[in-house]
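Me: I would like a close look at a single part of this model, namely its main pocket and the elements around that pocket. Please keep to what can be read from the computed geometry.

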Amino acid sequence: MTKPIAVILGVGDGLSAALARRLAPDYALHLGARSEGKMLPLAEELGAEAHLLDATDTEAMAGLFDELPQAPRVVIYNPSRRVAGGITELDPEAVRDAVEVTAFGAFLAAQGAARRMLEAEPDARGVRGTILFTGASAGVKGFPRSSVFAMGKFAQRGLAESLSRELHPQGVHVAWVNIDGAIRNPGRSEAAENPDSMLAPEAIAESYAALIDQHRSAWSHELTLRPWVERF
């Protein structure tokens, strides 16, 4: 029996890799990233299809979804870009690029996913698919010298909230996940006297899997994940 398709965009060696490993047993994976370095070894490990593309490229993103052999059941959008600095010192072109990666790319992924999912027959649960966005606390509160990241994440959160109201009645689950804290990615360590003060990628992946498996009578459109020591 053919496995359902899961698309993960913005693939690296942290959260996206944990998501890919979590979904690999049950899904035919399609991984997308703008560079091959971290994506190709992961794709080889998991037997996934690798797609080299820029998430802000309209034609490339449309082509990715059009060329899938069947409608995806899961699409996860991870890419984002930070440009830190005071408002008077920011480079407008760097700002434009960052907002396009975080927000416009999310729109392109959602558009491509929704077009294919809405053409598909619902599964046994009555669900056509799930679209998840990796958010951040910057989508809820803007921090000093982080206006660019806040713009992108606020836009991404608004996109997800709007789409959940639009697509939930059509059988497509949409949710935005607020990662409210630092992720324990490779090369990043936490203080020995304060274990689990960072979010473990594998634990986040379990929460994504739970969203994918949620019964449609009790869908979440937003989920916040934070370490036990994180301040609200």
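Which element gives the most to the lining of the largest pocket?

Reply: Strand 5 gives the most, with 3 residues in the lining of the largest pocket. The model is predicted, with local features reported at pLDDT of at least 70 and side-chain atom pairs at 80 or more, while totals for chains, interfaces and linings use all residues. Numbering starts from 1 along each chain, and side-chain values use heavy atoms, without hydrogens and water.

The pocket (an open set of 1 Å grid points where a 1.4 Å probe fits, with protein on both sides within 12 Å along at least five of seven lines) has a volume, taken as the space filled by the probe spheres, of about 1,100 Å³. Its lining (residues with an atom within 4 Å of a point) comprises 39 residues, and Asn78, Pro79, Ser80, Ile183 and Asn185 lie nearest the centre. At least two lining residues each come from helix 1 (15–23), strand 2 (28–33), strand 5 (129–136) and helix 5 (147–167), where helices are DSSP runs of at least four residues and strands of at least two.

Strand 2 and strand 5 both belong to an open sheet of 7 strands, ordered 3-2-1-4-5-6-7 with parallel pairing (at least two DSSP bridges). Its edges are strand 3 (49–52) and strand 7 (222–225), each of which pairs on one side only, and neighbouring strands are turned by 15° against each other on average, direction ignored. On the side of strand 2, the parallel pairing with strand 3 runs over 4 bridges, and Ala33 stands opposite Leu52 of strand 3.

Helix 5, another contributor to the lining, packs on this sheet and touches strand 4 (72–77), strand 5, strand 6 (172–179) and strand 7, with contact meaning heavy atoms within 4.5 Å. The direction of helix 5 makes about 155° with that of strand 5, on a scale from 0 to 180 degrees between N-to-C directions. Helix 3 (residues 58–66) lies across strand 1 (5–9), strand 3 and strand 4, and runs at about 160° to strand 1.

Helix 1, which also supplies lining residues, has 7 of its 9 residues buried (under 20% relative accessible area) and is therefore largely enclosed by the rest of the structure. Those buried residues are Leu15, Ser16, Ala17, Ala18, Leu19, Ala20 and Leu23, and they pack against strand 1, strand 2, helix 2 (39–46), strand 4, strand 5 and helix 6 (201–213). The partners of helix 1 thus include strand 2 and strand 5, which, like helix 1, each supply at least two residues of the lining.

Terms used: Buried means under 20% relative accessible area, exposed over 50%, partly exposed in between (1.4 Å probe, protein chains only).
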